Structure formats: structure tokens, C-alpha cells
Amino acid sequence: MGNHTEAKLFINGEWKARAGAPIINPADETELGIVPFATENDLAAAVEAAEIGFKTWSHTSPSRRSEIIRDAAARIRANIEIIARDMTLEQGKPLNEARNEVRRSCQVLEWDAEEGRRTYGRVIPAEQGLHNSVKHLPIGPVAAFTPWNYPLSSVARKVGGALAAGCSVVLKASEETPAAAVHLVNAFAEAGLPEGVLNLVFGNPSQISRFFIAHRVIRMLAFTGSVPVGKSLAAQAGEFMKPCLMELGGHSPVIVCDDVDPREAGIKSALAKASNAGQICTAPTRWFVAASHFEEFADQMATTARSVRIGNGLDPETQMGPLANARRIAAMQDLISDAVKKGADVLSGGERAANKGYYWPLTVLANVPDDARIMYEEPFGPVALVNPVSSVAEAVSKANSLEFGLAGYALTHSADNIAYLTDHLEVGNFAINQFVSSLPETPFGGMKDSGYGREGGTEGLLNYTITRSISHKTR
Ligand code: NAD
């Protein structure tokens, strides 16, 4: 496969090359290759293929579907080094993070493969001669849209859930990080997935989403990305009465209580923020720290942040790679300078790290006023905002003050605090004493502007089904 995997469209079982746009390596701003742009005919062909693919796949036995999905996962695992390297080249994350993403994606696919065999319905007791039952049936061809921050796992979540439920898919993966989707689709093709069941396109995002949403064949929309784009797509889907799964942005609070060691909490927090250079929808962003612990915590967090080695993700010494694109650098400059102007203290980082490559150091801002834009706009980059609070109740009230509601975190061992936070934090995912908020077997998703629907867990698969109630009167 050479140095970097060539991106192609995959329509009705065939790879197709097209003219397109350059793919940029964020570590050095060089061109890696070209992402092909689908024409309107390609989009129509992809949907037609998905219509036929749905007929085949929805009537394939769940155990055969499971076998194919597991086979694809095994092929992805076998290719881990090539896939991880492609992701690092296109997106910037350190190679080890990319490898972990490959492993997690395989676990997601494997879990979905098994769960697809358990989309049980139920029998509802009724009067003599009447048989009432409920079935969960695949909803139909799904249009899926995935972002650049997790080029493989965001695809695995959508494709795994949809295929396991018996749906076909037209996937528009990110134009900026196409290789991972190409690898995943290739693994499914090699595993024997029938033609037309999984189709891959790239191109102009708004043109593609408009085309798919309006098309009579597409029965559902699954999107991961920003709140404004998600709202626009959901509104379009509403016109055609098509259900959506929306995984949108976040602005996650971390509540640091006074029963934990502030130094340990500071180290843990800095390392969590460095993950994927903060470009995660569930990234911890606003720290609300017990006032008694604030100084020590902030001091340690900044010290650890300064020690994080940034560099090219291919270098094994690198702990944090470049940001994925120039838009993130512009956003960091914009949001951080606004916060500083409004009175925030810069404890670490704060300025672009190099002129070549999209490097931004791990930045800790303290005492950030509520009216700084970064306190309510998702930074989606390596910036931590740390502020003192006088009680857990105050932390919760500040945490809930935004329209986001994706993930929330707490560092505490107090059962009372945990019970209170579990009941009061407005989030879809709450993680305590660690920063992992989703696993293949647990449902992941937001509330409020962060979206609706769930990926992973039993709930994740049910998104891709309709519930049919059957009432049968016997003679
Ligand atoms: P953006 O709003 O332009 O795009 C976000 C994603 O949506 C991208 O993957 C893009 O390709 C896709 N997209 C854009 N317009 C679309 C359309 N009309 N139809 C279908 N897909 C469309 O922002 P961006 O600069 O690429 O990313 C930055 C912002 O996006 C971040 O601030 C963050 O809020 C959000 N984001 C969230 C996630 C997540 O995991 N929830 C992932 C990536 C980006």
C-alpha cells in the first residue's frame, strides 16, 4: 500500500478514483494525496446500491452477519500498523493513540457482531386466540457522516451498529482523514460483505448530506460532528420525517472535590486533556475545583502540562501530536486571546508552538471569567480551564449552565458527592475518577445541544431498528 493509502470511493462493491482535494499532513503541512470527490451520479449509484444491498443484508441470518462483521474486525486488527500510521499521517495523533483507536474499533465491531444476534422482540400476553408480539426490524438504508478526530472508531461505531442490526449504509467519512474509512470498508469487502451493503463516498459535505437526506431510499441519518451542522442536518431530516442519531459537541465539566489529593488530580487532569490534543467531543474542558485545593491543583496541572512532549505523532517520544488542521490553530488563537483579554491567567502554553505544522502546546488557563467565549464555546483543542468553587452544588450549577450535555467527570471518593452528582449533572455520560466515558458495551450520547440517540450498548443497536407490533387473531 506504499507510504500512505490512496483514498477511493466504494460504490456497489467497486473502488472508484475521482478528482478531488488534497489531504494535508498536519505535522508538516505537506500534501499526502488526494481525496476523491463523488459526483451526483456517484451519490445516486451509492444509494441505489444500498437499496439493493438492504434487501440482501436484512434477509441474511443474524449469525452470518455476525460472522462477516467479526471477520472484518479480524482483518482490521491484522492491519493495525498500516491503519494506525495512516491515521497519524492524516490526523496527527501519536502512533500509540492511533493503535489504541484501531483496537477499540475492533472491540466495537466485535461487540456489535454479537449483539446483532440478540435483537430480541417479546411476546405480550393477550386474550385467548390473540397473539401479540413485538419485533425489532432493521430500519433500512442509513446515511452515516463521520468526523476527522476519530477517523476509524467513529466509522466503526456507526457501521458496526447499522450492519449488526441488518441495515445497509452509505457512508460519508471525513475528507480530511479518509484512509481509515477506506481500510474499514476494504476489510468488510474482503470479509465477504455482499455488494451494495456498505458504500463509501467523499466530497462536498453539504451537497452529499442534502442529497442523501432527501432521497426516498434513505431511512435514517447518523451524524457525528459539530452542533451547528448537526442542527442543520436534523432540521433537513425533519422535513422528510427521517429519524436521526446525533453525536454532537461537548464542553465537559470536571468536578474536583476536596477529598482527593490535588497533586494527583492535577497530573491525571493534564494527561486527560492531552489525549488526541483535546480534539474529543468528550474532552474534559472546564475544571471546577474545591477552593481549598485550587492552588495546589492548578500548579501541578500546569507543571505536568509543560512536561508533555509535543511533536510528530510518528516519533515514539511524542505524547501529544499537532492539531488536525489550520482551523483548530485559528480557533485556539481566537478563544485564548479573548479569555486573556477578559482576565484569565495563562499557567502554561497559550501560544502556537511552531510555524510549520499545526502545533499548539497543552494550555492551562486559570480564573477564567464566565463571559470569556471559551467558557461557553467548545474549544476542541488542548486548552484546560480551571476555576475554584466553594461547593459541589456551585460546581454543578456552573457545569449545567451551558447548552452542552455530553460527558461529565468527577474526581472524588465520597459516596455522597457521587450520589449527588449522578442525580444532578446534565450529561449523557458521567465518569468518576477516570476519563473514559464510553466502552463498546455501554451506551454513549448526549442530552441538550449535544444530541440524541446512543451509540454502543444495547441502546446503540436499537437506533437502527424500527419496532413493529404484531397482533394475530387465530381461528
Ligand atoms: P464543521 O462544523 O465544519 O464540521 C464538523 C464535521 O461535520 C466535519 O466532519 C465535517 O466534514 C462535517 N460536515 C460539515 N458540514 C456538513 C454537512 N453539511 N453535511 C454533513 N457533514 C458536514 O467543523 P470542523 O472545523 O470540521 O470541526 C470543528 C468542530 O466540529 C469542533 O468545534 C467540534 O465542535 C466539532 N466536532 C465534533 C466532533 C464530535 O466528535 N462530536 C468531531 C469533529 C468535530
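**Exercise 1. Which residues does UniProt list for "domain: Aldehyde dehydrogenase", and how far apart do the end C-alpha atoms of that span lie?**

Step 1. Take the record. The unreviewed UniProt entry gives residues 21-469 for this feature.
Step 2. Turn to the model, which is predicted. The C-alpha atoms at the two ends of residues 21-469 are 48 Å apart.
Step 3. Add the make-up of the span: 41% helix and 19% strand.

**Exercise 2. What confidence scores does the model carry?**

Step 1. Start with the protein. Its mean pLDDT is 97. A pLDDT of 70 or more is reached by 100% of its residues.
Step 2. Go on to the overall scores. The ipTM is 0.94 and the pTM is 0.97.

**Exercise 3. Which domains does the domain assignment give, and how many residues does each put into the contact?**

Step 1. Domain 1 covers 9-248 + 446-470, and domain 2 covers 252-432.
Step 2. Their C-alpha centres lie 31 Å apart.
Step 3. Domain 1 gives 20 residues to the contact, and domain 2 gives 24.
Step 4. Look at the domain 1 side. Here α3 (80-91) and α4 (95-115) are the elements that give two or more residues. By class, this side has six nonpolar, six polar and eight charged residues.

**Exercise 4. Which element supplies the largest share of the shell around the ligand?**

Step 1. Count the shell: 20 residues surround the ligand. The closest are P147, S209, G225, S226 and C281.
Step 2. List the helices. Both α7 (205-214) and α8 (227-239) supply at least two shell residues.
Step 3. Pick the largest share: α7, with three residues.
Step 4. Sort the shell by class: nine nonpolar, eight polar and three charged.
Step 5. Check the domains. Domain 1 and domain 2 each provide at least three shell residues.

Terms used
Residues numbered from 1 in each chain as written. Predicted model: local features only at pLDDT ≥ 70, side-chain atom pairs only at ≥ 80, totals over all residues. pLDDT = per-residue confidence, 0-100. Near = placed C-beta within 6 Å. Helix = DSSP H or I, 4+ residues; strand = E, 2+ residues; numbered from the N terminus. Nonpolar A, V, L, I, M, F, W, Y, C, P; charged D, E, K, R; others polar. Domains from an automatic or database assignment. UniProt positions renumbered as here; feature names shortened; annotations may be inferred. Contact = placed C-beta atoms within 7 Å.
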